[in-house]
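Thanks for making time this morning. Please have a look at the model on the screen, and I'll walk you through a few parts of it.

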Amino acid sequence: MGKKVFIDLTHPFSAEIPRWPYFDKPVIDSKHTMAKGGVLTQYIGCTMHTGTHCDAPRHVMEVEFDGKRARYTHEMPVDAYTGDAVCLEINVDRWGLIMPEHLEDACKRADIRPEELEGMVVCLNTGMHRQFDDSKEYYHYSCGTGIDAGKWFVEHKVKCVAMDMQALDHPLHTAMGNNGMTRMNLLGASGKPITEEYKEQFGEEAYAEFDKEEYIRIHGQEAYDEKFGELEAIGCWGTWETCHKMLLGHGIVGVENLGGDLDKVSGKRFRFNCFPIRWYMGDGSMARCVAEIDEDDLNDVPDRTYLYGGTGCMNR
């Protein structure tokens with residue numbers, strides 16, 4: 001047995017950090033400088049859901065499934081995002097919807113039974129963290145979860161889910177598609193809306209998973225109620241950030257944009273350390289995520305090198 005080591009699972013933060021398509025750019029300024037004041041004191045202003053960060057239930061819903069008002073960051077247990085963990089390596093295609101069968105397969109390869117996940121932090125390595133950049137590839141075309149994966153996590157009573165993707169949901173379950181108050185329906189690489197691109201690639205029935213009106217048109221109201229009715233019953237738009245709400249509404253918190261040296265702990269068990277700031281009435285918080293693991297258990301992969309910040313995720 002080797003010594004315990006700490007592995008950073010956090011994307012570096014800077015003013016140039018990639019961010020959600022309609023988020024503001026972080027503002028970093030100096031209040032004092034060495035030359036003028038003899039000390040360095042900096043100011044940061046940004047959305048708290050920038051880079052690697054935690055979500056609290058209040059971020060996406062008014063009430064949880066127990067009928068009580070959704071909790072803020074300060075109301076979650078101090079160890080809500082921290083605990084014994086496993087990193088599941090998910091095999092899914094580009095833009096794919098992560099389903100229970102993908103999670104079951106990942107558990108098998110990690111040598112852990114789904115019933116063992118109760119009370120654990122589950123980290124997902126889809127490979128998207130390697131694409132972290134201000135790009136359509138990372139935001140528009142990411143794989144992601146939906147209501148089926150959300151129900152699977154609830155069924156197995158996990159404590160927290162940390163994902164290496166742009167959100168706790170597939171991009172088409174978010175406002176980048178045809179969901180949410182803004183319904184951005186962003187343009188894809190072809191110049192067409194990403195919803196149209198998805199239909200052309202996967203068909204209308206596959207796309208309907210992400211669009212309430214389309215799901216009802218194709219499958220009927222009864223089928224929609226059977227699948228999304230639990231969310232609708234507490235006043236939630238069923239196809240809008242559906243995995244977010246299934247998790248957070250049941251007290252399972254989430255971490256988005258997991259990164260750093262995630263590949264070093266892929267398929268492994270370890271201690272996951274993550275603490276949001278103690279923000280009164282906060283909806284989420286940037287955080288430092290770190291794996292504590294036996295040195296002998298690490299995967300033999302190179303240290304992560306970051307090139308974003310004007311250079312992109314790849315070198316010229």
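I'll cover helix packing, then cysteines, then a few loop residues.

One thing before we start: this is a predicted model.

Let's begin with helix H4, residues 147–155. Which residues does H4 use to meet H8? On the H4 side they are Ile147, Asp148 and Lys151. On the H8 side they are Glu226, Lys227, Phe228 and Leu231. Sort the residues of this contact by type and you get three nonpolar, no polar and four charged.

Now the geometry. The axes of H4 and H8 come within 11 Å. They cross at roughly 65 degrees. Angles from 65 to 115 degrees count as roughly perpendicular, and H4 and H8 are therefore described that way. The crossing of H4 past H8 is left-handed.

H4 has another partner. That is helix H2, residues 100–109. Here the axes come within 8 Å, and the crossing angle is roughly 50 degrees. H2 and H4 are therefore oblique to each other. From H2, the contact takes in Pro100, Leu103, Glu104 and Cys107. From H4, it takes in Asp148, Ala149, Trp152 and Phe153. The split here is six nonpolar, no polar and two charged.

Notice Asp148. It appears in the contact with H8, and it appears again in the contact with H2.

H8 also packs with helix H7, residues 212–219. The angle is about 145 degrees, and the axes are 8 Å apart. H7 brings Lys212, Tyr215, Ile216 and His219. H8 brings Gln221, Ala223, Tyr224, Lys227, Phe228 and Glu232. By type, that contact holds five nonpolar, two polar and three charged residues. Lys227 and Phe228 meet H7, and both also meet H4.

On to the cysteines. How many disulfides does a search of the whole structure find? Zero. Why does Cys236 have no bond to Cys243? Cys243 holds the closest cysteine sulfur to that of Cys236, but the distance is 13 Å, too far for a bond. For Cys243 itself, the closest cysteine sulfur is in Cys160. That one is 12 Å away, so it is too far as well. For scale, the cut-off for a disulfide is 2.5 Å between the sulfurs.

Are these two cysteines buried or exposed? Cys236 is buried, at 6% relative accessibility. Cys243 is buried too, at 0%.

Last, the loops. Two residues other than glycine have a positive phi here. Lys157 has a phi near 55 degrees. For Glu241, phi is near 50 degrees. Where do they sit? Lys157 is in the loop between H4 and strand E9 (160–163). Glu241 is in the loop between H8 (221–232) and helix H9 (242–248).

Their surroundings contrast. Lys157 is exposed, with a relative accessible area of 53%. Glu241 is buried, with a relative accessible area of 14%.

One more loop residue: Thr47. Find it between strand E3 (41–45) and strand E4 (53–55). Which residues does Thr47 touch, leaving out those up to four places away in sequence? Phe23 and Asp24. Pro26 belongs in this picture too. Thr47 and Pro26 are 21 residues apart in sequence, yet 7.4 Å apart in space, C-alpha to C-alpha.

That's my tour. Over to you for questions.

How values were computed:
Residues numbered from 1 in each chain as written. Predicted model: local features only at pLDDT ≥ 70, side-chain atom pairs only at ≥ 80, totals over all residues. Heavy atoms only, no water. Helix = DSSP H or I, 4+ residues; strand = E, 2+ residues; numbered from the N terminus. Buried < 20%, exposed > 50% of the residue type's maximum accessible area, 1.4 Å probe, protein only. Contact = heavy atoms within 4.5 Å. Axes fitted to C-alpha atoms, helices over the stretch in contact; angles between N-to-C directions. Parallel < 35°, antiparallel > 145°, perpendicular 65-115°, else oblique. Left-handed = near helix turned anticlockwise from the far one by under 90°. Nonpolar A, V, L, I, M, F, W, Y, C, P; charged D, E, K, R; others polar.
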